[in-house]
Amino acid sequence: MSDVAPSSPSRQKFSHRRALRAGSASFVGTSIEFYDFYIFATAAALVFGPLFFPGSDPILGVLFSFATYAVGFFFRPLGAIIFGHVGDKYGRRRSLVWTLVLMGTATVAVGLLPTYETAGVLAPVLLVIVRAAQGLAVGGEWGGAVLMSTENAPEKLKGFYGAFPQMGNPMGALMASGIFALLTMNGTDFLLDGGWRIPFLLSIVLIGVGFWIRYRVEETAVFEQDVAASAADSGPAEMPLKSALKRNWKAILLGMGLVPVSTGGYYIVTTFATSYGTEPAFGVNLDENLVLNILTVAALAELLSTLFIGMLADRIGRKRTMFAALVLTSLLVAPLFLSMHPDNVVMMFVVFALFRILMNGTWAPIASILSQMFDVEARQTSLSVSYNVGNAIFAGLAPVTATALFNWTGTVWSVVGLYVAMAVMSMMCLVLAPQIRDSAFDVDDDPTSPAQPGRKKDTHA
């Protein structure tokens, strides 16, 4: 089943050092991969329209650009199946190394692409192809990174350690919006003249660092325990995808319903908000550099709050934390868009930063929530398929749907309604989501009680 040497199926002694090393490696790797993914999203909002889809109506140019951006999300489920299979059969670490290499290659390729002016219709076709490769890589990345952290942590610390890979999202966004903010300090002319290539080409350095860090990390304790148990089983191992669909289909559907706000809502208040604020056709007319600076500060606020929210989730319950965040962001999404006006600069910085902190309550704990919805058999496949199919539907379509709704209704209130509807769906699925405890460590929620073997449902998470 695996090239990992089997270990004893008995419970292991938990090591903070091992968990911190795994969590740190997950954070670095996801930061790099989300940076690669978000520089594409930022470029799609700012420059890909005129560079790859010239001659169209401005809002239609944004729609075409966002549609290309959405292609990456539609390929994420395929990446989840491919790299989920690798992770469940051969180990989480191997799948993470492969996804990092694929993402780096695709991202650097974007920076080398010809534009429409040079290559005609071939340019957007090539853009779609490399975006698809990015989608494959990210589709396999997140599930493996989450399990690398949560499977090296005991039940009472899964929220904290599960927040490590979640920090990669705001860090990647921070790096992406930060570098574009620097490149647009004197307007967008430099970007359009070729400066947009710089963030993509820089990825080659980051990928080298991430590859070195990930290659040195140990396999997860839970996967090693599963390998040992499988070695003692004389029966043939079932294909991870078949096992996932047969055993976990209900949990997979619930997991898909958990992510609309954590993923799609995020892109409404970042990618769509960037176009809404800067594209003259929307009527807000904010400076591009101002919007990028606002998003950079908001990403920093999210980054700094992630581990604290992970610890809070361990203390009061992961599901309770996420539910409260869904309610609070639903109340704040309308003020966020209404604050977007040239006379409200300070207010925009405050509201966007506060919103991202509150939204982090839906993001920081979702890694531990989703990872504990599935037994370890076919866990990476189940987790990755659930998360990435949900991403394809909600995150992939969120910016283009929000843009189309605004174009149809002429008001941002339709976008607010879209966000609230996604939040309600997430709440309903969150209430029904099961939680399962792993038995890899001799540490339980109650440190005074002896560890009990096996798994049990967690009714209070």
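**Figure 1. Accessible surface and overall make-up of the chain.** The accessible surface of the chain adds up to about 17,300 Å², and carbon and sulfur atoms own 68% of that. Areas here come from the Shrake-Rupley method with a 1.4 Å probe, and for residues only the protein chains shown count as cover. This is a predicted model, so local features need pLDDT of at least 70 and side-chain atom pairs count only at pLDDT 80 or more, while totals for chains, interfaces and linings use all residues. Residues are numbered from 1 along each chain as its sequence is written, and side-chain values use heavy atoms, with hydrogens and water left out. On secondary structure, the chain has 22 helices and zero strands; both are DSSP runs numbered from the N terminus (helices are H or I with at least four residues, strands are E with at least two). Of the 461 residues, 62% count as buried, where buried means under 20% relative accessible area, exposed means over 50%, and partly exposed is in between (1.4 Å probe, protein chains only). Take the contacts between residues at least 6 apart in sequence: 85% of them join residues at least 24 apart, with contact meaning heavy atoms within 4.5 Å.

**Figure 2. A nonpolar patch on the surface.** The members are Phe323, Val327, Leu328, Leu331, Val431 and Leu432, and together they put about 560 Å² of accessible area on show. Patch residues have over 30% relative accessible area and no salt bridge; like charges are joined within 9 Å, and nonpolar side chains (Val, Leu, Ile, Met, Phe, Trp, Tyr) within 5 Å. The salt bridge ruled out here is a side-chain nitrogen of Lys or Arg within 4 Å of a carboxyl oxygen of Asp or Glu. Helices α17 (318–338) and α22 (413–432) each chip in at least two residues, and α17 gives the most, with four. Leucine 328 belongs to α17 and is partly exposed, at a relative accessible area of 40%.

**Figure 3. Aromatic pairs, with two edge-to-face examples.** There are 25 aromatic pairs in the structure. Phenylalanine 48 and phenylalanine 52 make one that is edge-to-face, at 5.3 Å centre to centre and 85° between the planes. For a pair, the rings of Phe, Tyr and Trp (its six-membered ring) must have centres within 6.5 Å; planes under 30 degrees apart count as stacked, over 60 as edge-to-face, and the rest as tilted. Both phenylalanines sit in helix α2 (residues 48–52), four residues apart, about one turn of the helix. Phenylalanine 48 is buried at 1% relative accessible area, and phenylalanine 52 is buried at 1% too. Another edge-to-face pair brings together tyrosine 266 and tyrosine 267, at 5.2 Å centre to centre and 90° between the planes. Tyrosine 266 is buried at 5%, as is tyrosine 267 at 3%. Ring pairs also tie these two tyrosines into a cluster with Phe34, Tyr38, Trp142, Trp363 and Tyr387.

**Figure 4. Serine 368 and its surroundings.** Serine 368 is part of helix α19 (residues 366–371) and, at 0% relative accessibility, is buried. A polar atom of its side chain lies 3.0 Å from the backbone oxygen of proline 365. Skip the neighbours within four places in sequence, and serine 368 still touches Thr150, Lys158, Gly159, Arg318 and Gln435.

**Figure 5. Aspartate 88 reaching a backbone nitrogen.** Aspartate 88 lies in helix α3 (residues 58–90) and counts as buried, with 4% relative accessibility. Its side chain gets to the backbone nitrogen of glutamine 380 at 3.0 Å.

**Figure 6. Leucine 307 in helix α16.** Leucine 307 is found in α16 (residues 288–316) and is partly exposed, at 22% relative accessibility. Its C-alpha atom is 8.6 Å from that of glycine 159, although the two residues are 148 apart along the chain. Beyond its neighbours within four places in sequence, leucine 307 is in contact with Phe160, Ala163, Phe164 and Met167.

**Figure 7. Asparagine 285 and its positive phi.** Asparagine 285 is in the loop between α15 (260–278) and α16. Its phi is near 60°, a positive value in a residue other than glycine. Most residues other than glycine have a negative phi. At 47% relative accessibility, asparagine 285 is partly exposed.

Conventions. A polar contact is a pair of N or O atoms within 3.5 Å; within protein, one must be able to donate a hydrogen and the other to accept it, and residues adjacent in sequence count only if both atoms are side-chain atoms.
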